[in-house]
Amino acid sequence: MPSADLPLADCLTYRPELPLPDGFDGFWSATLAEAPHDGTPDKPRFKEVDCGLTQVRTYDVSIPGYGGRPVRGWLRMPAGATEPLGCVVEFLGYGRGRGLAHEQLTWACAGYAHLVMDTRGQGWSAAGGVTADTDPGASGTVPGFLTRGVESPETYYYRRVFTDAVRCVEAMREHPEVDPARVVVTGVSQGGGIALAVAGLVDGLAGVMPDVPFLCNIPRAARIAGVPPYTEIAAYLQLHRDRTASVFRTLSYFDAAHHATRATAPALFSIAMMDEICPPSTCFTAYHRYAGPKDVRVYEFNGHEGGTEHHRAEQLAWVRSLFAGLPTGQAALS
């Protein structure tokens, strides 16, 4: 499949103008400071389940997310661990849910706690989900999630998702079996975009691993991507011809390339040069703007699947090296 975007040499120097929206930091500070809608704070809940595994402990997780509404997930931990663990918090690709209790065992088998966050309202492709999105947005949105609530930043779908993700990281840093100085966030596609947003919103992360990240340089992606999900934006604006400026203003508060400018944790990106879903120039936009130490693995002849298990091997080595160089405990967060 030939590349439909800029060649690698051009991507390596591609640094487009992407103005930060007014009040970006204030909007997110206010969002994360909001109290639960019902005024009653809750606590994360971890219920151990028996899924037939002997070397991995699995917990059905419920964490208060945006507005205090529960966000589900799976927490997997190596059986017999006796000291605080490094932790990988993973966010999922577009359409995926948390799946089944016995899936996704790599990180726990490597000796880490591994939280997989269910994405609210999703879970119709590849893996099921159980977290509802109780605010479906105005009528007239294109099927999917990219235009849900796009009338304003306050009502936009990803405001809720990014808040959910921050709350999941906070919950794991407070977990008694997790070393709060050794928490890494990761995700593929949509999950990579969410991971970048969290990296910009949460101080003191140990690292971030965004793979073929979605939600980066959204104005360009909406104009050049020929396959979903970015085409949802184009379809919406094809009908609502008078809303282009307001839609892209809303989206700018959720562009992972903006959040990357606030992120300082070490990062390992992956980008695929034949990716039709997340065009490589949009991923490189976030990579070049990322404010912390960073590295990238480029998969020149792959599409949106990216590096798959080849890249997972890179991640395993990177996380082990990263954690080995960190002090332990709360003092590392100060």
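# Exercises: loops, sheet and pockets

Pro 229 is found in the loop between α6 and α7 (231–239). Helices (H or I, at least four residues) and strands (E, at least two) are DSSP runs, numbered from the N terminus. This is a predicted model, in which local features need pLDDT of at least 70, side-chain atom pairs count only at pLDDT 80 or more, and totals for chains, interfaces and linings use all residues. Residues are numbered from 1 along each chain as its sequence is written, and side-chain values use heavy atoms, with hydrogens and water left out.

## Exercise 1: backbone in the loops

Find the cis peptide bond that involves Pro 229, then describe Val 212 and Asn 217.

Step 1. Look at Pro 228 and Pro 229. The bond that joins them is cis, with omega at about 5°.

Step 2. Go to the loop between β7 and α6. Val 212 sits there, and so does Asn 217.

Step 3. Check phi. For Val 212 phi is positive, about 35°, although the residue is not a glycine. Asn 217 is not a glycine either, yet has a positive phi of about 45°.

Step 4. Check burial. Buried means under 20% relative accessible area, exposed over 50%, partly exposed in between (1.4 Å probe, protein chains only). Val 212 has 2% relative accessibility, so this residue counts as buried. Asn 217 has 3%, so Asn 217 counts as buried too.

## Exercise 2: the sheet

Give the order of the strands in the open sheet and name those at the edges.

Step 1. Apply the rule for pairing: two strands pair if DSSP finds at least two bridges between them.

Step 2. Walk across the sheet. Its 9 strands follow the order β1-β2-β3-β5-β4-β6-β7-β8-β9, with mixed pairing.

Step 3. Stop at the ends. β1 (45–49) and β9 each have a single partner strand, so one side of each is left without a neighbour in the sheet.

Step 4. Take β5 and its partners. β3 (residues 70–78) pairs with β5 in the antiparallel sense over 4 bridges. Here Arg 76 has His 114 of β5 as bridge partner. β4 and β5 run parallel and are joined by 4 bridges. Leu 115 in β5 stands opposite Val 89.

Step 5. Move on from β4 to β6 (residues 178–188). These two run parallel as well, with 6 bridges between them. In β6, Val 185 is the bridge partner of Val 89.

## Exercise 3: buried elements

Decide how many residues are buried in strand β5 and in helix α10.

Step 1. Start with β5 (residues 113–117). The count is 5 of 5 buried, and the strand is mostly covered.

Step 2. Split β5 by face. In a regular strand the side chains alternate between the two faces of the sheet. Ala 113, Leu 115 and Met 117 lie on one side of β5, His 114 and Val 116 on the other, and both faces are covered.

Step 3. Turn to α10 (residues 280–289). Of its 10 residues, 9 are buried, so the helix is largely enclosed by the rest of the structure. Among the buried ones are Cys 283, Phe 284 and Tyr 287.

Step 4. Ask what covers α10. The cover of its buried residues includes α1 (8–11), α5 (190–201), α6 (218–224), α9 (256–259), β8 (267–272) and β9 (294–299). Contact means heavy atoms within 4.5 Å.

## Exercise 4: two pockets

Describe the volume and lining of the largest pocket and of the second largest pocket.

Step 1. Fix the terms. On a 1 Å grid over the protein atoms alone, a cavity is a set of points where a 1.4 Å probe fits but cannot get out; a pocket is an open set with protein on both sides within 12 Å along at least five of seven lines, and lining residues have an atom within 4 Å of a point. Points are joined across faces, edges and corners, and a volume is the space filled by probe spheres set on them.

Step 2. Take the largest pocket. It holds about 580 Å³ of space. Its lining has 26 residues, with Glu 90, Val 188, Glu 305, Thr 308 and Arg 312 closest to the centre. α11 supplies the largest share of this lining, 5 residues.

Step 3. Take the second largest pocket. Its volume is about 280 Å³. Among its 20 lining residues, Pro 36, Pro 64, Gly 65, Arg 167 and Glu 170 lie nearest the centre. α4 gives the most to this lining, with 4 residues.
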